[in-house]
Amino acid sequence: MAPAPVRARYTNSESVFKPDIFKGKVLFCTGGGSGICKEMTYAVMKHGANATIVGRKLDRITQAAEELSKGTGNTCIPAQADVRRPDELKEAVKKTIEKFGRIDFVICGAAGNFLAPLSGLSENAFRTVIEIDTLGTFNTFKATIPYVRQSHGSYIHVSATLHYRGLPYQAHVSSAKAGVDALSRVIAVEEGPWGVRSNVIAPGPIAATEGMSRLSVSGTGRSLESLIPLGRQGAVQDIANATVFLFSDAASLITGEALVVDGGLQHLSSSS
Ligand code: HXC
C-alpha cells in the first residue's frame, strides 16, 4: 500500500543557524529586487550581513532595499545596473566598496525567461536570455572577483533543473543555465587556490515567483504537489535556507557543486 502523503515540514534558517554568522560580511546580489533573490538576500542579512542589490529598475530595487534594511536591521543599498553591461556592474561594485569596504558573498541571480518553441525563437530572443543569464554571470564574476579573492569569499549562482533533460519551449534558458553551471565549476577550480568557493543552487518549482507564473505546468491532469516526492512546492525561503548553508562555514569544503532544491522532483521517472 502506498504511504499516506506527508508534506515536508518547512523551517527557516534562523531556527537552525546562529543569528550572527554573517556579521561584518557583505553580499552583492544581482536580481535581488524581487522573488527568490530578494529572499536569499533577506536571509543572509538576517544572519548579520549588509548587502547591495542590483537590478535594472531603480524604483523596484530602491523599494526592496528599504524593505530589506527595515526587515533585518542591517543595511541594504540599491545599485542600478544591467548585468549585460560590464561598466554598469563595475559602478555597482564601486558603490558597494565605497559604502561597505568589502565583498564576501556574491549571488548571480539576474535572469530572463519566457516560453517559446525553438521554431518561434528569434536569434535575438535566444541571445537575450544567454546574455542576461550566462554572460551576465561572467560579467558579475569579473567585476567582483578582485574583492572576493581578498575576502576568501563565495559565489552562488541561481540555476535551474530544466536543462538536465529536454524541456520543450526552454531551449534558450536550458542553454543559458547549462553555461552557468559550467562557469561555476570552472570558477571553483580556478579560484579555489585563492580560497574562493563557487556553487550553484538549482531550484525546482517555487510557488508565487515570476518564473512560476510564466512557466506554469499544465496538461498532466495531476497537481504539481502530487508529483513532488516530498509533497509540496518550494517556497522562496527554501532557496534562502540553502543559501545560508552554502555561504556558511558549515559548507567550507563544498565547491563546484549544484544543490538541487526541488523536493526530489528531478529524480522522478516520467513513467511514475
Ligand atoms: C518569444 C520573446 C518573448 C516571448 C521576448 N521575446 N519575450 N520571444 N516569446 N514570450 C524576444 C523579443 O521578441 C526580442 O526578440 C527578444 O526576446 C528580446 O526581448 P526584449 O523585450 O527586447 O528584451 P529585454 O527587454 O531585455 O527583455 C528581457 C526578457 C524579458 C528576459 C526577454 O522577458 C524580461 O525582462 N523578463 C523579466 C524577467 C524574468 O523573466 N524573470 C523571471 C526569471 S525566472 P526580437 O527578435 O523580437 O527582437 C527564471 C527561472 C528559470 O529565469 C527556471 C524556471 C524553472
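Me: How do you know that the span of helix H8 agrees with its 12 residues?
Reply: Set it against the rule: the expected span of a helix is 1.5 Å times one less than its number of residues. For H8, residues 236–247, that gives 16 Å, and the end C-alpha atoms sit 17 Å apart, so the two agree. By the way, this is a predicted model, where local features need pLDDT of at least 70, side-chain atom pairs count only at pLDDT 80 or more, and totals for chains, interfaces and linings use all residues. Numbering starts from 1 along each chain, as its sequence is written.

Me: What makes something a helix or a strand here, and where does the name H8 come from?
Reply: Both are DSSP runs: H or I over at least four residues for a helix, E over at least two for a strand, numbered from the N terminus. The chain comes to eight helices and seven strands.

Me: Why is H8 called largely enclosed?
Reply: Count neighbours. A residue is buried if 20 or more other C-beta atoms (placed from the backbone) lie within 10 Å of its own, exposed if 12 or fewer, and partly exposed in between. In H8, 10 of the 12 residues are buried, so the rest of the structure largely encloses that helix. Among them are Val236, Asp238, Ile239 and Phe247.

Me: What do the buried residues of H8 pack against?
Reply: Helix H1 (35–46), plus strands S4 (105–108), S5 (154–158), S6 (197–203) and S7 (258–261). H1 is itself largely enclosed, because 12 of its 12 residues are buried. Those include Lys38, Glu39 and Lys46. H1 reaches 17 Å from its first C-alpha to its last, close to the 16 Å expected. Gly48, with a positive phi near 115°, follows H1.

Me: What makes Ile206 buried or exposed?
Reply: Ile206 has 21 C-beta neighbours inside 10 Å, so it counts as buried. Its place is in the loop between S6 and H6. Contact means C-beta atoms, placed from the backbone, within 7 Å. Leaving aside neighbours within four places in sequence, the contacts of Ile206 include Ile36, Gly211, Val236 and Ile239.

Me: Why does Phe141 count as buried or exposed?
Reply: Buried, because Phe141 has 21 C-beta neighbours inside 10 Å. Phe141 lies in helix H4.

Me: Which residues come nearest to the ligand?
Reply: Gly112, Phe114, Ser122, Ala125 and Gly211, out of 18 around it. A residue is near a molecule or strand if its C-beta atom, placed from the backbone, lies within 6 Å of it. H4 (123–151) and H6 (210–214) each supply at least two residues of the shell. H4 gives the most, with five. By class, the shell has 10 nonpolar, six polar and two charged residues. Nonpolar covers Ala, Val, Leu, Ile, Met, Phe, Trp, Tyr, Cys and Pro, charged covers Asp, Glu, Lys and Arg, and the others, Gly among them, are polar.

Me: How do you know that the radius of gyration agrees with a compact globule?
Reply: The rule is 2.2 Å times the number of residues to the power 0.38, with the radius of gyration taken over C-alpha atoms. With 272 residues that comes out near 19 Å, and the chain has 18 Å, so it agrees.

Me: What is the mean pLDDT of the chain?
Reply: The mean is 94, and 94% of the residues reach 70 or more. pLDDT is the predictor's confidence in each residue, from 0 to 100. The model also scores ipTM 0.90 and pTM 0.94.

Conventions:
Two residues are in contact if their C-beta atoms, placed from the backbone, lie within 7 Å.
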